[in-house]
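Colleague: Could you take a close look at one part of this model for me? I'd like to hear how the charged side chains pair up, and what else sits on the surface.

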Amino acid sequence: MGGSVFATLVTLALAIIWILVPFAIFGVRRLLGELLAEQRRTNTLLEYIGGDRIPPPEPEPTPWRAP
C-alpha cells in the first residue's frame, strides 16, 4: 500500500516536470539571445574604446590526435 502511494507521487511529480520543461527551455533560449546581443554590444564598445591596444583573440587550440 505505502509503496504504491510513493510510486504514484513520483510518477505525478515526473509528469508535472515533463510538462513544464519545454517552457523553461524556451525561457532560457530567450535569455541566452539577450546575453549574446549584450556581449556583441560590449565587444563593439571595447573595440571603439581600446582600438589597437586590445590584442586580437587567440585561436582555439586544436585537440591532439594520435598519428
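**Salt bridges along the helix**

Modeller: Sure, let's start with Arg 41 and Glu 38, whose side chains meet in a salt bridge at 3.1 Å, N to O. Keep in mind that this is a predicted model. The two residues are three apart in helix H1, so about one helical turn separates Arg 41 from Glu 38. As for cover, Arg 41 has a relative accessible area of 49%, so it counts as partly exposed, a class that ends at 50%. Glu 38 is partly exposed too, with 40%.

A search of the whole structure turns up two salt bridges, and the other one joins the side chains of Glu 34 and Arg 30, with an N to O distance of 3.0 Å. Here the spacing is four residues in helix H1, so again Glu 34 and Arg 30 are separated by about one helical turn. Glu 34 comes out as partly exposed, because its relative accessibility is 45%. Arg 30 has 51%, so it counts as exposed, given that exposed means over 50%.

Now for the uncharged side of things. Phe 6, Val 10, Leu 14, Ile 17, Val 21 and Ile 25 form a nonpolar patch on the surface, and together they have about 560 Å² of accessible area. One of them, Ile 25, lies in helix H1, which runs over residues 2-50. Its relative accessibility is 48%, so Ile 25 counts as partly exposed. That clears the cut-off for patch members, which is over 30%.

How values were computed: Residues numbered from 1 in each chain as written. Predicted model: local features only at pLDDT ≥ 70, side-chain atom pairs only at ≥ 80, totals over all residues. Heavy atoms only, no water. Patch = residues over 30% accessible without salt bridge, like charges linked within 9 Å, V, L, I, M, F, W, Y side chains within 5 Å. Areas by Shrake-Rupley, 256 points an atom, 1.4 Å probe, with all protein chains shown as cover. Salt bridge = Lys/Arg side-chain N within 4 Å of Asp/Glu carboxyl O. Buried < 20%, exposed > 50% of the residue type's maximum accessible area, 1.4 Å probe, protein only.
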